[in-house]
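Please read the report below alongside the sequence and the coordinates. It goes from the sheet to the helices, and then to the core, the cysteines and a few loop residues.

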Amino acid sequence: MATITECRGALEKLSDNLARADGGVRGAAALDRTLSCHVTDLDSTFTGRLADGRIHVESTVEGPPRSKAQIRLAMTGDDLVAMVGGELNFAKAWASGRVKLEAGFRDLLRLRSLL
């Protein structure tokens, strides 16, 4: 099982990947939205913002998100680490229910290039 430190590291790596992206991925990452990532097996939530093409983690709280972010993710720590490491395809994990993504319709349309 992935640790909270490994999960934070995965989010930092994802942020770095977004910052280096180009084309449609960079455009989708340029959103300015609140973000939460609930790591279900650790029952912890990272909260922050997707802004300036990066993920800015502001806090980590125990339990589910305390407020409703504009973009909400939920998955196990192992799945988060595997996705960022390229071992798990986001679209397949999302389609199978291993990863949950909730956002407004317009945000989902823009985020599709990240998926």
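The sections that follow describe this predicted model.

## Basis of the description

Residues are numbered from 1 along each chain as its sequence is written, and side-chain values use heavy atoms, with hydrogens and water left out. Because the model is predicted, local features need pLDDT of at least 70 and side-chain atom pairs count only at pLDDT 80 or more, whereas totals for chains, interfaces and linings use all residues.

## The sheet

Five-strand order is the starting point: an open sheet of 5 strands runs β3-β2-β1-β4-β5, with mixed pairing. Here helices (H or I, at least four residues) and strands (E, at least two) are DSSP runs numbered from the N terminus, and two strands pair if DSSP finds at least two bridges between them. The edge strands, each pairing on one side only, are β3 (54–62) and β5 (100–103), and from one strand to the next the twist averages 20°. Angles, including those given for the helices below, run from 0 to 180 degrees between N-to-C directions, with axes taken as lines fitted to C-alpha atoms, for helices over the stretch in contact.

Strand β2 (residues 44–51) runs antiparallel to β3 and is joined to it by 8 bridges; Thr47 stands opposite Ser59 in β3. The pairing of β1 with β4 is parallel and extends over 5 bridges, with Met75 in β4 as the bridge partner of Val39. Strands β4 and β5 pair in the antiparallel sense over 4 bridges, and Ala74 stands opposite Lys100 in β5.

## The enclosed strand β4

Of the residues of β4, 5 of the 5 are buried, so this strand is largely enclosed by the rest of the structure; buried means under 20% relative accessible area, exposed means over 50%, and partly exposed lies in between (1.4 Å probe, protein chains only). In a regular strand the side chains alternate between the two faces of the sheet. In β4 both faces are covered, with Ile71, Leu73 and Met75 buried on one side and Arg72 and Ala74 buried on the other.

## Helices against the sheet

Helix α1 (residues 4–20) lies across β1 (33–39), β2 and β3, and runs at about 160° to β3. Helix α3 (residues 77–84) packs on the sheet, where it touches β1 and β4 (71–75), and its direction makes about 110° with that of β4; contact means heavy atoms within 4.5 Å.

Because 6 of its 8 residues are buried, α3 is largely enclosed by the rest of the structure. These buried residues are Gly77, Asp79, Leu80, Ala82, Met83 and Val84, and what covers them includes α1, β1, β4 and α4 (90–96). After α3 comes Gly86, whose phi is positive, near 85°.

## Nonpolar core and cysteines

The largest nonpolar core, meaning a set of buried Ala, Val, Leu, Ile, Met, Phe, Trp, Tyr and Cys residues joined through side-chain atoms within 4.5 Å, has 26 residues, of which Leu50, Ile71, Leu73, Met75, Leu80 and Val99 touch the most other members. At least two residues of this core come from each of α1, β1, β2, β4, α3, α4 and β5. Leaving aside residues up to four places away in sequence, Leu80 touches Cys7, Ala10, Leu11, Cys37 and Met75.

A search of the whole structure finds 0 disulfides, a disulfide being a pair of cysteine sulfur atoms within 2.5 Å. The sulfur of Cys7 is 7.5 Å from the closest cysteine sulfur, in Cys37, and is therefore too far for a bond. Cys7 is buried, with a relative accessible area of 0%, and Cys37 is also buried, at 3%.

## Loop residues

Most residues other than glycine have a negative phi. Asp43, in the loop between β1 and β2, has a positive phi near 45° and is partly exposed, with a relative accessible area of 40%. Asp52, in the loop between β2 and β3, has a positive phi of about 55° and is exposed, with a relative accessible area of 71%.

Asn89 is found in the loop between α3 and α4 and is partly exposed, with a relative accessible area of 40%. A polar atom of the side chain of Asn89 lies 2.9 Å from the backbone nitrogen of Lys92. The C-alpha atoms of Asn89 and Asp79, which are 10 residues apart along the chain, are separated by 9.6 Å.

Conventions:
A polar contact is a pair of N or O atoms within 3.5 Å; within protein, one must be able to donate a hydrogen and the other to accept it, and residues adjacent in sequence count only if both atoms are side-chain atoms.
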